[in-house]
Amino acid sequence: MDDFFVLDDPADRVKALRDRELSSNPGGAAAETPNLLLMDGADHRRLRAVVKEVIALVEPLPEAVLADLRIAFSPLKSLRRFDLVADFARPAAARVTEAVLGTVEPLGEKLLTNLSETAANLDVWSGGPAGADTAALRVAMFFLKATAVEGGGLALLREAHEAGRITEDELMITPVMLAHAAYENSMNFLALAGLELLRRPDVLDDVRGLIHEIAPTRFAARRVTAPFSLAGKDFTTGDKLAIPLGPDTELAFGLGRHTCPGSRVAVAEGEVALRALAEILTPDHVAEDVRYKTHAVFHGVERAIVALRT
């Protein structure tokens, strides 16, 4: 990430996120990618409109999903030790992802692992670990072959393709992008928020504030397409900007044309999950063996054991 210019001033971050002349695509081999996260202009607006329709199918989150989340957390009450990631954040994120995409086939452990490895193709900005493209292809193949739930997100995407609203490539990549956002981002956020709740029980008084405070994505990246000045610096075509979205930025869900379209789902999921976790945690619970992820873009926790003090 050494070739990025990091915007430190909050006002500059807002300007950059709202600037339509800055591209969300890194260029090069990724220039023609059908990934919504890396698109600009009319194609971005067209595909984003369809994606918002998919997300709207689970706004508000169905009561059945909320009930499943509460049931998934109930066994934690009887455990003296549990992993905040594997036992809390992961099953919650997986259930919401299943609701967003709508497949008859469950999202198994192997698919969820592949989802985490795809990095939503954002590694094209910085160069990512080997295997990310292979993982993304495996996820894409799963959704291309999956049986869609009638009236669900995957069914809507297929209908949009048949109607000529999205291309064949977009039909292949968009479920991967949606599933990654619903799963990996949610899992990272829930684990981070769970740790914060453990350390500061008072944050339960403002769960929504906590949700907007924690950003599972470290930064948004933009490419300069024409010379311009910002933050007291002159930029030339091809320069890359990193716009921090982390703590104290109030930009957890982004801003501008790439604002997270699933923010309402994320807030609803966070509220029910964190309130359920608060009913489990006691003053005698402590965090042990907390291991953070080291990905350049995504901020999260690999493992966080919550244990009762003896």
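Visitor: Is R95 buried, partly exposed or exposed, and what is its relative accessible area?
Guide: This is a predicted model, so the value here is a computed one. A residue is called buried under 20% relative accessible area and exposed over 50%, with partly exposed in between. R95 therefore counts as partly exposed, with a relative accessible area of 22%.

Visitor: Which residue meets the side chain of R95 in a salt bridge?
Guide: The contact is 2.7 Å from N to O. It links distant parts of the chain, 27 residues apart, with R95 in helix α4 and its partner in helix α3. That partner is partly exposed, at 31% relative accessible area. The residue is D68.

Visitor: Where else do helices α3 and α4 meet, and which aromatic pair ties them together?
Guide: Helix α3 covers residues 63–73 and helix α4 covers residues 84–101, and the two ring-bearing residues are 15 apart in sequence. Their rings lie 4.9 Å apart, centre to centre, with 40 degrees between the planes, and the pair is tilted. The pair is F73 and F88.

Visitor: Are F73 and F88 buried or exposed?
Guide: Buried means under 20% relative accessible area. F73 has a relative accessible area of 2%, and F88 stands at 0%. Both values fall under that cut-off, so F73 and F88 are buried.

Visitor: How far apart in space are A72 and A92?
Guide: A72 is placed in helix α3, and at 33% relative accessibility this alanine counts as partly exposed. In sequence, A72 and A92 are 20 residues apart. In space, C-alpha to C-alpha, the distance is 7.6 Å.

Visitor: Which residue does the side chain of R70 meet in a salt bridge?
Guide: R70 is partly exposed, with a relative accessible area of 41%. Its partner is exposed, at 51%. The N to O distance is 3.2 Å, and the partner is E63.

Visitor: How many residues apart in sequence are E170 and R46?
Guide: The side chains of E170 and R46 meet in a salt bridge of 2.8 Å, N to O. E170 belongs to helix α8 (residues 168–199) and R46 to helix α2 (residues 41–56), so the pair ties together parts of the chain. Their separation in sequence is 124 residues.

Visitor: Which of the two is buried, E170 or R46?
Guide: R46 has a relative accessible area of 27%, which makes this arginine partly exposed. The glutamate has a relative accessible area of 4%. The buried partner is E170.

Visitor: Which residue is linked with R46 and E170 in a network of salt bridges?
Guide: The structure holds 17 salt bridges. The one between E170 and R46 belongs to a network that also takes in a third residue. That residue is D43.

Visitor: Why do the buried residues of α5 line one face of the helix, and what arc do they fall within?
Guide: An α-helix has 3.6 residues a turn, so residues three or four places apart point the same way. In α5 (residues 109–118), the buried residues are L111, L112, N114, L115 and T118, whereas E109 and K110 are exposed on the other side. Seen down the axis of α5, the buried residues line one face because they fall within an arc of 160 degrees.

Visitor: Which residues are exposed on the other side of α1?
Guide: Helix α1 (residues 10–18) has D12, R13, A16 and L17 as its buried residues. These cover an arc of only 130 degrees around the axis, which puts them on the same side of α1. Exposed on the other side are P10, K15 and R18.

Visitor: Which residue lies over the face of F235?
Guide: F235 is linked by ring pairs into a cluster with F5 and F228. The residue over its face is at 5.6 Å from the ring centre. That residue is K233.

Visitor: About what area does the nonpolar surface patch of L137, M141 and L144 have?
Guide: One member, L144, is found in helix α6 (residues 132–145). L144 is partly exposed, with a relative accessible area of 39%. Together, L137, M141 and L144 make a patch of about 240 Å².

Notes
Residues numbered from 1 in each chain as written. Predicted model: local features only at pLDDT ≥ 70, side-chain atom pairs only at ≥ 80, totals over all residues. Heavy atoms only, no water. Phe/Tyr/Trp six-rings, centres within 6.5 Å; stacked < 30°, edge-to-face > 60°. Helix = DSSP H or I, 4+ residues; strand = E, 2+ residues; numbered from the N terminus. Buried < 20%, exposed > 50% of the residue type's maximum accessible area, 1.4 Å probe, protein only. Lys NZ or Arg CZ within 6 Å of the ring centre and 35° of its normal. Arc of directions from axis to C-beta. Patch = residues over 30% accessible without salt bridge, like charges linked within 9 Å, V, L, I, M, F, W, Y side chains within 5 Å. Areas by Shrake-Rupley, 256 points an atom, 1.4 Å probe, with all protein chains shown as cover. Salt bridge = Lys/Arg side-chain N within 4 Å of Asp/Glu carboxyl O.
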